[in-house]
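Trainee: I would like to go through this model with you, one topic at a time. May I begin with some short questions?

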Amino acid sequence: MESAQHYWAARAALEWQVELGADEALSERPVNRFELVEKVKAKPAAAKAEAALHVQTGYVQAPKIDAVAEARTAAEQAQDLGQLRAALERFEHCELKRGARNLVFADGVPGARVMILGEAPDREGDREGKPFVGQSAALLGKMLGAIGLSLEESVYVSTVMPWRLLNQSGPSPDEVAMMRPFVARHVALAKPDILILMGNIACDAVLGQRGITRLRGTWGEAFGLPAMPMFPPETLMRQPELKRAAWADLLEIKARLA
């Protein structure tokens with residue numbers, strides 16, 4: 001009884017291999033393995049061998065996608081902020097999107113003279129779909145109010161990364177590069193007079209530089225606009241001694257607006 005079961009199992013396995021195309025165990029001619037190694041070393045021969053393997057197995061390599069080019073095309077096609085948001089919602093090449101609850105696009109007043117670019121939403125921001133929430137939003141409101149500005153009337157806010165970061169090390173260079181065309185288009189459509197770049201990620205995406213401690217307090221230029229790097233509210237809450245520097249930056253912004 002047991003031998004019969006082995007027979008039928010072996011026969012089923014053999015029939016399965018035949019269906020897959022393995023209809024012979026040995027080739028009629030011997031194979032020179034050393035000759036195959038020499039052929040693999042030659043690039044043209046390697047390319048032919050790979051193509052032959054794809055034909056024999058039916059395997060076709062998926063074309064490599066240029067995510068930055070895809071982002072640039074999607075961003076350039078957006079004619080207003082609503083279309084840009086929709087383009088970001090359709091963009092599927094950034095892994096951060098898979099771990100986020102919501103797309104964080106913007107807050108405040110579109111068309112305001114001042115546009116703030118933050119780094120990325122935190123857990124609360126991801127939950128509520130806003131760039132700054134909770135204690136960060138409260139501190140930002142006080143900072144803006146000290147120079148006569150507010151999110152409700154005179155400031156527009158967005159973040160470089162529209163999705164929450166998956167780790168504390170920040171986004172990868174590839175992820176920042178993907179978002180750079182969307183940031184540029186966002187600024188062009190929002191049409192502010194000045195930019196405030198809060199944090200290293202914003203400075204990296206817009207100015208191509210990092211080192212917020214060194215950059216802050218000095219006007220730069222981005223997308224043809226004056227840009228002021230500043231410490232983000234989260235940094236100021238962790239290091240209150242930096243608030244003096246932030247106040248000096250706010251006075252510079254107030255003077256520029258005047």
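Mentor: The turns below deal with the sheet, the backbone, the ring contacts and the empty spaces of this model, which is a predicted one.

Trainee: Let us start with the sheet. In what order do the six strands of the open sheet run?

Mentor: The order is S1-S3-S2-S4-S6-S5, and the pairing is mixed. S1 and strand S5 (220-222) are the edge strands, each of which pairs on one side only.

Trainee: How many bridges join S5 to S6, and do these strands run parallel or antiparallel?

Mentor: Three bridges join S5 to strand S6, residues 225-230, and the two strands run antiparallel. Within that pairing, glutamate 221 has proline 226 of S6 as its bridge partner, and alanine 222 stands opposite leucine 225.

Trainee: And in which sense do S4 and S6 pair?

Mentor: S4 and S6 pair in the parallel sense, over four bridges. Isoleucine 196, for instance, has methionine 228 in S6 as its bridge partner.

Trainee: Is S6 mostly covered or mostly open?

Mentor: S6 is mostly covered, with five of its six residues buried.

Trainee: How many residues lie between the strands in the hairpin of S5 and S6?

Mentor: There are two residues between the strands, and phenylalanine 223 in this hairpin takes a positive phi near 55°. Most residues other than glycine have a negative phi. Phenylalanine 223 is found in the loop between S5 and S6 and counts as partly exposed, at 39% relative accessibility.

Trainee: What about lysine 191, and where is it found?

Mentor: Lysine 191 is found in the loop between H8 and strand S4 (194-198). Its phi is positive, about 55°, although the residue is not a glycine. Lysine 191 counts as exposed because its relative accessibility is 64%, and the cut-off for exposed is over 50%.

Trainee: Turning to side chains, how many aromatic pairs does the count come to?

Mentor: The count comes to one aromatic pair. It is formed by phenylalanine 91 and phenylalanine 182, with an edge-to-face arrangement, 5.3 Å centre to centre and 75° between the planes.

Trainee: Why does this pair tie together parts that are 91 residues apart in sequence?

Mentor: Phenylalanine 91 lies in the loop between helix H5 (81-90) and strand S1 (107-108), whereas phenylalanine 182 lies in helix H8 (residues 173-190), so the pair ties together parts that are 91 residues apart in sequence.

Trainee: Are the two rings' residues buried or exposed?

Mentor: Phenylalanine 91 is buried, with a relative accessible area of 4%. Phenylalanine 182 is also buried, at 3%.

Trainee: And which ring does the charged end of arginine 256 sit over?

Mentor: The charged end of arginine 256 sits over the ring of tryptophan 219, at 4.4 Å from the ring centre.

Trainee: Back to the helices. How far apart are alanine 75 and alanine 87, C-alpha to C-alpha?

Mentor: They are 6.8 Å apart in space and twelve residues apart in sequence. Alanine 75 is found in helix H4, residues 67-77, and counts as buried at 1% relative accessibility.

Trainee: Now the empty space. How many cavities of 30 Å³ or more does a search of the whole structure find?

Mentor: The search finds one, with about 80 Å³ of space in it. Its lining includes Leu84, Leu88, Phe105, Met179 and Phe182. H5, strand S3 (155-159) and H8 are the elements that give two or more residues to this lining. H8 gives the most, with four residues.

Trainee: How do the residues of the cavity lining divide by class?

Mentor: They divide into nine nonpolar, three polar and no charged residues.

Trainee: How much space lies in the largest pocket, then?

Mentor: About 830 Å³ lies in the largest pocket. Its lining has 30 residues, and Glu119, Ala120, Asp122, Leu165 and Gln168 lie nearest its centre. Helix H9 (200-207) and helix H11 (233-238) are the elements that give two or more residues to the pocket lining. The largest share, three residues, comes from H11.

Trainee: And what is that lining made of, by class?

Mentor: The pocket lining has 13 nonpolar, ten polar and seven charged residues.

Note on methods:
Residues are numbered from 1 along each chain as its sequence is written. This is a predicted model: local features need pLDDT of at least 70, side-chain atom pairs count only at pLDDT 80 or more; totals for chains, interfaces and linings use all residues. Side-chain values use heavy atoms; hydrogens and water are left out. On a 1 Å grid over the protein atoms alone, a cavity is a set of points where a 1.4 Å probe fits but cannot get out, and a pocket is an open set with protein on both sides within 12 Å along at least five of seven lines; lining residues have an atom within 4 Å of a point. Grid points are joined across faces, edges and corners, and a volume is the space filled by probe spheres set on the points. Ala, Val, Leu, Ile, Met, Phe, Trp, Tyr, Cys and Pro count as nonpolar, Asp, Glu, Lys and Arg as charged, and the others, Gly among them, as polar. Rings of Phe, Tyr and Trp (its six-membered ring) pair if their centres lie within 6.5 Å; planes under 30 degrees apart count as stacked, over 60 as edge-to-face and the rest as tilted. Buried means under 20% relative accessible area, exposed over 50%, partly exposed in between (1.4 Å probe, protein chains only). A charge sits over a ring if NZ of Lys or CZ of Arg is within 6 Å of the ring centre and within 35 degrees of the ring normal. Two strands pair if DSSP finds at least two bridges between them.
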